[in-house]
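Thanks for making time, everyone. I'd like to walk you through one part of a structure that most of you won't have seen before. Have a look at it first, and then I'll start talking.

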Amino acid sequence: MPIINFPQKPDKEPPFFSEIKEDGYHIYNLKNAKEPNYYPSELPQYPGVALKDLKEDEVITIRVFFGIGKGKKMRVDGGYVDLRVEFVDEDRVVGAIITELPEELALSTGESIEVFEEEILYKVEQE
C-alpha cells in the first residue's frame with residue numbers, strides 16, 4: 001500500500017485518521033470496510049475469522065495503519081501484523097505481537113493488544 005498523506009483539511013480526512021492522530025495506529029475493521037470511502041479503495045477483501053475457531057497459541061493476522069511523522073507532515077503507512085493468541089473471550093482476543101516492528105511505531109513486538117472478531121483477517125494454518 002502506498003503511503004497516504006494526511007489531507008490538509010480535516011473534513012476531507014478518511015474517518016480512521018482521527019484514531020491514528022490520537023493513538024498512533026488504527027486496526028483495519030471488516031465492518032468499516034463496507035462503508036464507502038472509509039479505507040483506500042486499493043485494499044483487498046479479507047475473509048475474516050470467527051472467534052469460535054480460535055485457540056490459545058494460534059497465530060492470527062490483522063492489518064494496522066500507523067501514523068508516521070508529526071503535525072502537518074504526518075503520513076499513514078500500514079501493513080500486516082501477526083499476533084499469537086493469548087486469550088479468547090466471547091467478543092475479543094488478546095494477542096501478543098510477533099511481527100518485528102520498527103521502534104518508532106505506536107505498537108511494538110511482544111506487546112499484547114486486544115482485537116475484536118471484525119479486526120481479524122486471517123488465521124495462520126499450522127502444519
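**A look around strand 3**

Let's begin with N32, which counts as buried because its relative accessibility is 17%, and the cut-off for buried is under 20%. Before I go on, please keep in mind that this is a predicted model.

So where is N32? This residue belongs to the loop between strand 2 and strand 3. And what does its side chain do there? The side chain of N32 makes a polar contact with the side chain of Y38, at 3.3 Å. If you set aside the neighbours within four places in sequence, N32 is in contact with Y38 and Y39.

Now follow that loop on to strand 3, residues 59-68. Is this strand mostly covered or mostly open? Mostly covered: nine of its 10 residues are buried.

Okay, which strands pair with it? I've got three to show you.

Strand 2, residues 25-27, is one of them, and it pairs with strand 3 in the antiparallel sense over three bridges. If you want a spot to look at, find Y25, which stands opposite F66 in strand 3.

Next up is strand 7, residues 122-124, again antiparallel to strand 3, with three bridges. Here you can look for V59, whose bridge partner in strand 7 is V124.

And then strand 4, residues 75-88: how many bridges join it to strand 3? There are 10, and the two strands run antiparallel. On that side, T61 stands opposite D82 in strand 4. Strand 3 and strand 4 also form a hairpin, with six residues between them. Check out G69 in the turn, by the way, since its phi is positive, at about 90°.

One general thing while we're on strands: in a regular strand, side chains alternate between the two faces of the sheet.

Last stop, E19. You'll find this residue in helix 1, residues 17-23. Is E19 buried or exposed, or something in between? Its relative accessibility is 32%, so E19 counts as partly exposed. Not counting residues up to four places away in sequence, E19 touches G24, Y25, H26 and I27. Y25 should ring a bell, as the residue opposite F66.

How far is E19 from F65 in space? C-alpha to C-alpha, the two are 9.9 Å apart, with their positions 46 residues apart in sequence counted as separation.

That's my tour, so over to you.

Definitions and conventions. Residues numbered from 1 in each chain as written. Predicted model: local features only at pLDDT ≥ 70, side-chain atom pairs only at ≥ 80, totals over all residues. Heavy atoms only, no water. Buried < 20%, exposed > 50% of the residue type's maximum accessible area, 1.4 Å probe, protein only. Helix = DSSP H or I, 4+ residues; strand = E, 2+ residues; numbered from the N terminus. Pairing = 2+ DSSP bridges. Contact = heavy atoms within 4.5 Å. Polar contact = N/O pair within 3.5 Å; in protein donor to acceptor, adjacent residues only side chain to side chain.
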